[in-house]
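Here are a few short exercises to work through with the model open beside you. Try each task before reading its solution.

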Amino acid sequence: MQGGATFSENNFREQAKKDGITHISTGVALLRDNRILMVRRAADDFLGGVYELPGGGVDEGEKIIEGAVREVKEETGLTVSKIVRMFEGFDYTTNRKPSVRQINFLVEVAPGEVVLDPAEHDDFIWVDENNTSNVNMSDNMRKCVSDALRLVNSNQ
């Protein structure tokens, strides 16, 4: 896998620890044909019916980028071929995790069909700047998608 991202995992983790963050999560903007993939959370899951970038928690002992690549494969069936760059995420809490910091990556994926795990996600959509306004997503996620699309357009 080629990497275009400059990312200091140690610095990121040290800052998160100083900020009281207990868990690290990833969001991954999968780039194909100048569009970004979003997946919809299963109806009976936390934030059911809401679209998000694929991604999830980084496992104990796992490097953050490795976690992002693993989550893409688990959640979409697609394989990351290139990490374009890292971009800012956000902090949040869940009923099981008191303090999570999400970091985002813009990636390219190898050709293939999206295959969702129905226990986690029940639909997907490829978005660009023309079709995000009616997609049900959190404000934090809307900013992440907007940032990702801005990066896509600046790389052209």
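**Exercise 1: a loop pair**

Asn 34 is partly exposed, at a relative accessible area of 41%; buried means under 20%, exposed over 50%, and partly exposed in between, with a 1.4 Å probe and protein chains only. This is a predicted model, in which local features need pLDDT of at least 70, side-chain atom pairs count only at pLDDT 80 or more, and totals for chains, interfaces and linings use all residues. Residues are numbered from 1 along each chain as its sequence is written, and side-chain values use heavy atoms, leaving out hydrogens and water.

Task: find where Asn 34 lies and the sign of its phi.

Solution.
1. Asn 34 sits in the loop between β2 and β3; strands are DSSP runs of E with at least two residues, and helices are runs of H or I with at least four, numbered from the N terminus.
2. Its phi is near 60°, a positive value in a residue other than glycine.
3. Asp 33 is in the loop between β2 (23-32) and β3 (35-41), and its phi is near 55°, also positive.
4. Asp 33 counts as exposed because its relative accessibility is 61%.

**Exercise 2: a helical aspartate**

Task: is Asp 147 buried or exposed, and which side chain does its own side chain contact?

Solution.
1. Place Asp 147 in helix α3 (residues 139-154).
2. Its relative accessibility is 13%, so Asp 147 counts as buried.
3. Its side chain makes a polar contact with the side chain of Arg 150 at 2.5 Å. Such a contact is a pair of N or O atoms within 3.5 Å; within protein, one must be able to donate a hydrogen and the other to accept it, and residues adjacent in sequence count only if both atoms are side-chain atoms.
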